[in-house]
Amino acid sequence: MSLLSVPQRLLLGSSLSVSILNQTRKPRRPFCFNMSSESSQPLTHSLTLPTQLGHPIQIIAAPGVSDSQFRTAIESSLFKQWLKNLESENGILATGSFLLKQVLVQGVDMFGQRIGFLKFKADIFEKETGQKIPGIVFARGPAVTVLILLSSEGETYAVLTEQVRVPTGRLVLELPAGMLDDDKGDFVGTAVREVEEETGIHLKLGDMVDLTAFLDPSTGGRVFPSPGGCDEEISVFLYRGCVGKEIITQLQGKETGLRENGELIKVHVVPYKELWRMTADAKVLMAIALYEMAKGGGLLPLKT
């Protein structure tokens, strides 16, 4: 493998040529909705799904949600994807046993011109018993993460990032990761960009292996880190490369990230054999499990 070190980033390449494993997804059925609002009444939408044509869904804006925020939420890919998931093969509404009656849009966070986070409450009931199902949703959409394994002088190292994670109140060691920036579904391209932004390492698309593609097709080929409250689904990728010891030294403690976006990131390089016990990051532990099982099952392409 050839390796070139240049200012601001590291270029890692290998002779390994890996085909990206893309999953095949079934086409989704369309939905339609009507919009209405009056100055003296809460903003509302009426929406009808193919699986419950006789039961229109009322979508309501909570106090404090503006008209523009409400419209953005309803038209966002986050909300539309959630509706499609409800009607998918394994969706809550697919069997006809449940009924979605109302959605209360509670909050919208914008990332520039696009919606970043969406919070809403869905009233879903079991038809037979009338029992309401807990339905508070924090929607943030799909994301990617990369397990980077670098071999050097007989030792295998993993690359982690140390970041300020305000929700936990802690500095967290974790795998390089990020949300998809658009609706195009470019998971592997996003993974490569996030690695370069967070570590300064440039990876070749052809060297990436989608570990989540080895999961059973019924899973959708992604993992849910917190399905009880969040819709986030993560694609886990693997990169394996060989580098000189000087690259390990250059990476250790390197400060990276998009500072203008508030990313204060420090790179850590740790022995892979110690990785499982060095952080509580769920992405790390998921990636280790997927990697070890895929390797043990002979699913990984051979390194050259």
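**Exercise 1. Decide whether E174 is buried or exposed, then find which residue forms a salt bridge with E174.**

*Solution.* This is a predicted model. Step 1: E174 has 4% relative accessibility, so E174 counts as buried, the cut-off being under 20%. Step 2: R165 is the salt-bridge partner of E174, with the closest N and O atoms 2.8 Å apart. Step 3: R165 is partly exposed, at a relative accessible area of 31%. Step 4: Look at a second pair. D281 and K283 meet through their side chains in a salt bridge of 2.8 Å, N to O. D281 and K283 are both buried. Step 5: Join the pairs. R165, E174, D281 and K283 are linked in a network of salt bridges.

**Exercise 2. Work out which parts of the chain the pair R140 and E232 ties together.**

*Solution.* Step 1: Check the contact. The closest N and O atoms of R140 and E232 are 3.4 Å apart, and the two residues form a salt bridge. Step 2: Place both residues. R140 lies in the loop between β9 (136–139) and β10, while E232 lies in the loop between β15 and β16, so the pair ties together parts that are 92 residues apart in sequence. Step 3: Add the accessibility. R140 is partly exposed at 23%. E232, at 13%, counts as buried. Step 4: Set the pair in context. The whole structure holds 9 salt bridges.

**Exercise 3. Describe the surroundings of strand β16 (residues 233–242).**

*Solution.* Step 1: Count the buried residues. They number 9 of the 10 in β16, so the strand is largely enclosed by the rest of the structure. Step 2: Find a parallel partner. Strand β10 (residues 142–152) pairs with β16 in the parallel sense over 10 bridges. In one of them, V144 has S235 of β16 as its bridge partner. Step 3: Find an antiparallel partner. Strand β15 (residues 209–210) runs antiparallel to β16, joined by 2 bridges. Here V209 stands opposite L238 in β16.

**Exercise 4. Compare the span of helix α3 (residues 187–199) with the expected value, then inspect its two ends.**

*Solution.* Step 1: Take the span. α3 has 13 residues and reaches 18 Å from first C-alpha to last, close to the 18 Å expected at 1.5 Å a residue. Step 2: Check the cover. 10 of the 13 residues of α3 are buried, among them F187, V192 and E198. Step 3: Go to the start. A side-chain oxygen of D186 comes within 3.0 Å of the backbone nitrogen of G189. Step 4: Go past the end. Just after α3, G200 has a positive phi of about 85°.

Note on methods. Residues numbered from 1 in each chain as written. Predicted model: local features only at pLDDT ≥ 70, side-chain atom pairs only at ≥ 80, totals over all residues. Heavy atoms only, no water. Buried < 20%, exposed > 50% of the residue type's maximum accessible area, 1.4 Å probe, protein only. Helix = DSSP H or I, 4+ residues; strand = E, 2+ residues; numbered from the N terminus. Pairing = 2+ DSSP bridges. Expected span 1.5 Å × (residues − 1). Polar contact = N/O pair within 3.5 Å; in protein donor to acceptor, adjacent residues only side chain to side chain. Salt bridge = Lys/Arg side-chain N within 4 Å of Asp/Glu carboxyl O.
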